[in-house]
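Please look through the model shown below with its chains side by side, and follow the explanation from a single residue outward to the contacts between chains and then to the salt bridges.

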Amino acid sequence: MSEQPIDKFCETLNPTVKNAVTLASVGSTIAREKCLAEAYPEDGKVDRLRELANEIRSVRPSANFEKAVESLERNGVKVLFAKDGDEARKMVLDIAKAKNAKNVVKIKSMTTEEIELNRFLEENGIEAIETDLGELIIQIDNERPSHIVKPAIHRRRDDIARSFEKHKIAPYDDNPSHITLNARRYLRKKYFAADIVVSGANYILAKEGTVVLATNEGNSRFSMAGAKTHIAIAGFEKVIPSARELSVFLNLLARSATGQNSTVYTDFVSGAGSAKNSPQEMYVIFLDNGRSSILGDEFAEILKCMRCGACMNRCPVFRLVGGHAYRAVYPGPLGIVLSPLLAGEKIADFADLPKACTLCGGCADVCPAKINLPDLVLKMRDKIKKRKARVANDVNLKPWAFLASSPLLWRMAVPLNKLANLLPLDAFKIGPLGRWLKTRTLPKFKGGNFRKWFSKNG
Amino acid sequence: MDKTDFINRIKAAEKNIPDAKLPEFSKWDVISTTAAAGTPKEAFIRNFTASHGNVFESVSALVTFLKDKGCKRGVADAKLADTLGLENTFELVREFDRQNPDSYDFGISKASFAIGESGAIVLKDSDTADRMATIAPWVHIAVLNEADIVSSIADALEKTVDNPYSIFIAAPSKTTDVEGVLVEGVHGPGVQICFITK
């Protein structure tokens, strides 16, 4: 038995972090359920809406994509095309250099996390500040988001206050209202000093040529009032046909993510220069970064993901281990499928992730785009196995299959299960097996009498 | 990467997936009948206030509320300030000064329309004199004509994207990023008001 990185991580996981993640993710799952049930009391309506979201995204993307490029250009937007993270980062830097820009404000975007844009800009002498409170909290401590919607889900108020003090944002004060107010004061100066605002895109409307952004804090609108240039970076799968289809997604997104009927702010950006306090120039950088390969293979469904986080909130493994256990930008069931795909040649680094799944199906039950995540997890197990990657805990199940397919052997073996109760488990608590057993217990075996009972009473 | 190459990569990849048609649906498949229940105005007021927005229909009530909040100085769209007559009570300026962003207690702007189903006001650049006046002050007042309230999000989307920049605003700016505790007024207004005129 070899060592699993995810087990090693859990061994050192702080219990307060674990608690914070469990409470927040369980809470979000309950809020989602309640909100959808209240909004759609009619039988089957939520399901129909989720099916629509899936079907809209089942249309081959190229036609809508070409139309989106055309519409954006018609709206005066400069559209760029990046093969991978390297190209996208360089495009942002080139724009910044051309404008002699030194200050960038960021609107929370998983795509820019994926290409690690902030670090790159900092290395090139450009300050890039996250304006979403949760993103700011993790950025100042050089952490990765531990959840795609609530990036600081693993942080406690006291350690946030200590970080704010350390990074000279504000003196120590751990009242959540005061933490928020201190961030407000700090970020205000950044909005007015911003040369460039970099955003992602929740959706891009092909017909209208519009970038749609959903936020709760209003950092999008403030950035869009403060900065002189807007750059939106988006995977090509973010394109949907038109505003008409958007009604399906807007009715699902916030309800699935946080149990709100809608996000507080929904921005529709179709160009620049329409107001005095607004960017005068707009760029959209479309990113491939492995997406076209995903589209062409058996994992294409994952491109329908709308990044709501419902799957991780619902996942019994995520709830206990938190997002950092997945060692990549996308955690939870989504990450199990997407991280190995985005890793390219380094896919074996994530060989343990598809195993960190109980196949309970909870993620598929809550996914607003009805993505069959457990099916994709199984396919990922298979893909990694075929690559002959060294898979942790990959025990040979052939003896088990032999036993289970012979009724006679099976009948003889069942009473032997009682011997498991005599196993001195404490003696095994060393090495990788010990690590595995440290967080797992073996329940006492009480079965083995059914056949006897059935032949008498059945 | 070149545009043609980028599109060709997508085209080559999508050959492997079945060519599905865009599904047929009506707005009744999408609308939340409970959220949109009642007249558009009733639904708007119910949903907007449920998310902690404030609705006023009389100037005197609005003035009292603003005074209670300690408001003294505001930045307002010229036409709207005259309509409401707020300058009798408050110091009103017409232009937002970026050098003194914190010198305004409130900002007033015109709401292009509002949505019953989501309890959101809609601001379009073509109707809004200054984006800053709507986001920087602690209190934002959107002035909405009662006739300009649509029932559903689907209805709203038909008339939103005809502008370089429009926005739905459903409540005060808020976050739950610190231990899930709800805090209002993160970057934008901590108090979001809709003043409905006839």
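A:Ser62 belongs to helix H4 of chain A, which spans residues 61–74; the model in which this placement is read is a predicted one. With a relative accessible area of 7%, A:Ser62 counts as buried, because the cut-off for that class is under 20%. Which residues does A:Ser62 touch, once those up to four places away in sequence are set aside? The answer lies in chain B, where B:Ile10, B:Lys11 and B:Glu14 are its contacts.

From this one residue the view can be widened to the whole interface between the two chains. On the side of chain A, 92 residues are in contact with chain B, and on the side of chain B the corresponding number is 77 residues. The size of an interface is often given as the accessible area lost when the parts come together. For chain A and chain B, the area buried between them is about 7300 Å², and carbon and sulfur atoms give 58% of that area. Within chain A, the residues that lose the most area to chain B are A:Arg60, A:Arg184 and A:Arg221, which together make up 12% of what that side buries.

The polar side of this interface can be described in counts as well as in individual pairs. Between chain A and chain B there are 48 residue pairs in polar contact, with both residues at pLDDT 80 or more. The residues of chain A that touch chain B divide into 42 nonpolar, 24 polar and 26 charged. Salt bridges between chain A and chain B number eight, and one pair that forms a salt bridge is A:Lys276 with B:Glu95, whose closest N and O atoms are 2.9 Å apart.

Backbone pairing also crosses from one chain to the other. Strand S9 of chain A, residues 265–269, runs antiparallel to strand S9 of chain B, residues 165–169, and five bridges join the two strands. Within this pairing, A:Phe268 stands opposite B:Ser166 of S9(B).

Strand pairing inside chain A can be followed through strand S2, residues 103–106, which runs parallel to strand S3, residues 127–130, and is joined to S3 by four bridges. S2(A) also pairs with strand S4 of chain A, residues 196–199, again in the parallel sense, over three bridges. A:Val105 appears in both pairings: its bridge partner in S3(A) is A:Ile129, while in S4(A) the bridge partner of A:Val105 is A:Val197.

Chain B can be considered as a whole before returning to chain A. Its secondary structure comes to seven helices and twelve strands, and its C-alpha atoms fill a box of roughly 70 × 45 × 40 Å along the principal axes. Of the 198 residues of chain B, 56% count as buried. Among the contacts in chain B between residues at least 6 apart in sequence, 67% join residues that are at least 24 apart.

The salt bridges form the last part of the account, and over all chains the structure holds 40 of them. In chain A, A:Arg50 forms a salt bridge with A:Asp47, the closest N and O atoms being 2.9 Å apart. These two residues lie three residues apart in helix H3, residues 45–56, so about one helical turn separates them. A:Arg50 is buried at 6% relative accessibility, whereas A:Asp47 is partly exposed at 35%.

A second pair within a helix is A:Asp158 and A:Arg162, which form a salt bridge with the closest N and O atoms 3.4 Å apart. Being four residues apart in helix H9, residues 157–166 of chain A, A:Asp158 and A:Arg162 are likewise separated by about one helical turn. A:Asp158 counts as partly exposed at 29% relative accessibility, and A:Arg162 also counts as partly exposed, at 44%.

How far apart in sequence are the parts that A:Arg327 and A:Asp352 tie together? Their side chains meet in a salt bridge at 2.7 Å, N to O. A:Arg327 lies in the loop between helix H15 (318–321) and helix H16 (332–342) of chain A, and A:Asp352 lies in the loop between H16 and helix H17 (362–366), so the pair ties together parts that are 25 residues apart in sequence. A:Arg327 is partly exposed, with a relative accessible area of 24%, while A:Asp352 is buried, with a relative accessible area of 3%. Elsewhere, salt bridges that share partners join A:Asp47, A:Arg50, A:Glu51 and A:Lys370 into one network.

Note on methods. Residues are numbered from 1 along each chain as its sequence is written. Chains are lettered from A and ligands numbered from 1 in the order in which they are written. Side-chain values use heavy atoms; hydrogens and water are left out. Contact means heavy atoms within 4.5 Å. Buried area is the accessible area (1.4 Å probe) that two parts lose on being put together, summed over both. A salt bridge is a side-chain nitrogen of Lys or Arg within 4 Å of a carboxyl oxygen of Asp or Glu. A polar contact is a pair of N or O atoms within 3.5 Å; within protein, one must be able to donate a hydrogen and the other to accept it, and residues adjacent in sequence count only if both atoms are side-chain atoms. Ala, Val, Leu, Ile, Met, Phe, Trp, Tyr, Cys and Pro count as nonpolar, Asp, Glu, Lys and Arg as charged, and the others, Gly among them, as polar. Two strands pair if DSSP finds at least two bridges between them. Buried means under 20% relative accessible area, exposed over 50%, partly exposed in between (1.4 Å probe, protein chains only).
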